[in-house]
Amino acid sequence: MDSSPHPALRIDISRLSSRLAELAAIGAIDGTEGCARLALTEEDKAGRDLVVAWMRDLDLAITIDGIGNVVGVMAGEIDGPPVMCGSHIDTVRTGGRYDGNLGVLAGLEVVESLRAAGVTPHRPLAVAFFTDEEGARFPPDMLGSLVYVGGMPLEEALDIEGIDGAILGSELERIGYAGVAPLPGLVPHAFVELHVEQGPVLEVEGITVGAVESVQGISWTEVEVTGQSNHAGTTPMSMRRDPGVVAAACMQFARELALELGGTQVSTVGRVNLHPNLVNVVPASATFTVDLRNTDEQLLQEAERRFHEFLAAAAVAENCTVETKTLARFEPVVFDPSVVDLVESTAAGLGYSVKRMPSGAGHDAQMMARVCPTAMVFTPSRDGISHNPAEYTSPEDLEAGANVLLHTMLSLSQSAT
Ligand code: HGY
Ligand code: MN
Ligand code: MN
């Protein structure tokens with residue numbers, strides 16, 4: 001792969017930091033650096049409007065597709081498929097200001113740095129933000145990029161019901177981002193996503209840049225256990241059919257299963273609802289989610305099998321019934337080795353320490369990898385914290401990541417193949 005045609009070029013970290021701060025002010029979580037912009041909420045709309053305005057200021061050719069993905073293109077010396085970067089600007093409820101936002105705003109910073117230097121890339125460059133990457137309100141995660149690459153029909157995605165009962169397509173219309181650009185979307189020449197690691201590895205090892213080789217498999221299941229609501233005071237323990245007890249046993253089992261399987265296996269019960277959720281009522285039903293992940297597909301399937309066996313037995317023991325629904329299921333993804341090599345050599349060429357590593361979190365890049373050569377660039381997360389308003393990456397590390405993105409994209413834009 002060609003090296004960058006403008007090796008001395010650098011991004012402007014104060015410009016990038018002020019954009020990150022301005023976007024983080026939308027949905028800001030009081031007293032923290034973080035923000036809450038669940039997909040397709042008013043806060044998400046306001047964030048989208050701000051980023052689209054920045055794209056316009058940079059004279060990008062902007063398209064919005066039927067699931068609300070937004071792509072801004074900077075013309076190159078030649079026409080044809082762009083070198084694309086991007087990520088997401090929706091957040092979880094306890095979001096940090098870097099998760100997703102960094103990859104989009106660093107893309108704008110790449111464009112602005114080229115414009116300021118009077119450089120026209122050989123191939124066009126594109127900056128994208130994808131709808132509902134978090135999947136926290138409307139599962140699955142990476143929904144917008146999944147639809148972008150043709151992994152889910154648009155009609156199916158528009159019908160998804162959120163955890164608050166809203167319908168995705170109606171929310172998209174309501175916020176004015178139901179676009180007309182065709183789906184599946186334009187296939188880029190290549191795709192590179194800059195993202196904070198959201199884990200502890202780079203910081204613990206004192207390394208500045210991660211050249212991400214893969215994303216682990218993801219399995220999300222929603223479980224509804226149904227028993228019998230009853231009086232908390234009068235119902236003898238022998239007569240209870242308490243779904244809350246089944247949910248609690250499953251939460252504990254999920255933790256024990258991950259510890260027993262070891263390796264990269266992780267498990268999380270992140271959402272739990274009892275109905276009617278009242279102090280003096282044995283619950284009628286318990287609804288909860290289980291998130292299982294592993295870099296190894298076979299081990300992930302074993303974890304799923306073991307969990308569902310335990311769930312079935314626990315429900316029978318409590319004389320309850322169970323319904324499960326798969327919210328997300330993505331196998332592990334391996335990125336294009338030549339693009340991973342380029343990220344690694346670009347980082348080293350810029351004088352940054354760099355290591356090859358897997359991603360524990362899901363990313364839009366894992367969907368783009370289905371259609372074009374793709375890789376990711378990681379920057380360290382302080383204390384490995386993310387999905388938490390305390391999420392933090394230093395300006396020096398942000399600058400390093402954005403410079404690696406700049407020169408990786410320039411090399412890809414220049415490359416013959
Ligand atoms: O769930 C994930 O890994 C990502 O934050 N959507
Ligand atoms: Mn993210
Ligand atoms: Mn996230």
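Helices (H or I, at least four residues) and strands (E, at least two) are DSSP runs, numbered from the N terminus. This is a predicted model, in which local features need pLDDT of at least 70, side-chain atom pairs count only at pLDDT 80 or more, and totals for chains, interfaces and linings use all residues; side-chain values use heavy atoms, with hydrogens and water left out. Residues are numbered from 1 along each chain as its sequence is written, while chains are lettered from A and ligands numbered from 1 in the order in which they are written.

**View 1. Helix α10 and the residue that follows.**
Gly351 follows α10 and has a positive phi, near 90 degrees. The helix covers residues 337–349, 13 residues in all. From first C-alpha to last, α10 reaches 18 Å, close to the 18 Å expected at 1.5 Å a residue. That expected span is 1.5 Å times one less than the number of residues.

**View 2. The buried and exposed sides of α10.**
Val339, Val340, Leu342, Val343, Thr346 and Ala347 are the buried residues of α10. Here buried means under 20% relative accessible area, exposed over 50%, and partly exposed in between (1.4 Å probe, protein chains only). Seen down the helix axis, the buried residues of α10 fall within an arc of 155 degrees, so they line one face. The arc is that of the directions from the helix axis to the C-beta atoms. Exposed Pro337 and Gly349 sit on the face of α10 turned away from its buried side. The cover over the buried residues includes β5 (190–196), β6 (209–215), β15 (354–359), β16 (374–379) and α12 (395–414). Contact means heavy atoms within 4.5 Å.

**View 3. The interface between the two domains.**
The chain is divided into domain 1 (13–215 + 333–414) and domain 2 (217–330). These bounds come from an automatic or database domain assignment. The C-alpha centres of domain 1 and domain 2 lie 33 Å apart. Domain 1 gives 15 residues to the contact and domain 2 gives 8 residues. About 800 Å² is buried between domain 1 and domain 2, with 66% from carbon and sulfur atoms. Buried area is the accessible area (1.4 Å probe) that two parts lose on being put together, summed over both. On the domain 1 side, Pro139, Asp141 and Ile163 lose the most area to domain 2, together 40% of what that side buries. The rule finds 0 salt bridges across this interface. A salt bridge is a side-chain nitrogen of Lys or Arg within 4 Å of a carboxyl oxygen of Asp or Glu.

**View 4. Two cis peptide bonds.**
Pro139 and Pro140 are joined by a cis peptide bond, with omega about 5 degrees. Pro140 is in the loop between β4 (125–129) and α4 (143–148). The peptide bond from Leu183 to Pro184 is also cis, with omega near -5 degrees. Pro184 lies in the loop between α6 (168–174) and β5.

**View 5. The loop between β5 and α7.**
Gln198 lies in this loop, and so does Gly199, with α7 spanning 201–205. Gln198 is not a glycine, yet its phi is positive, near 70 degrees. Gln198 is buried, at 17% relative accessible area. Gly199 is buried at 10%. Leaving aside residues up to four places away in sequence, Gly199 touches Ser381 and Gly384. The C-alpha atoms of Gly199 and Ser386 are 7.4 Å apart, with their positions 187 residues apart along the chain.

**View 6. The loop between α9 and β13.**
Asn319 is in the loop between α9 (297–317) and β13 (321–330). Phi of Asn319 is positive, near 55 degrees, in a residue other than glycine.
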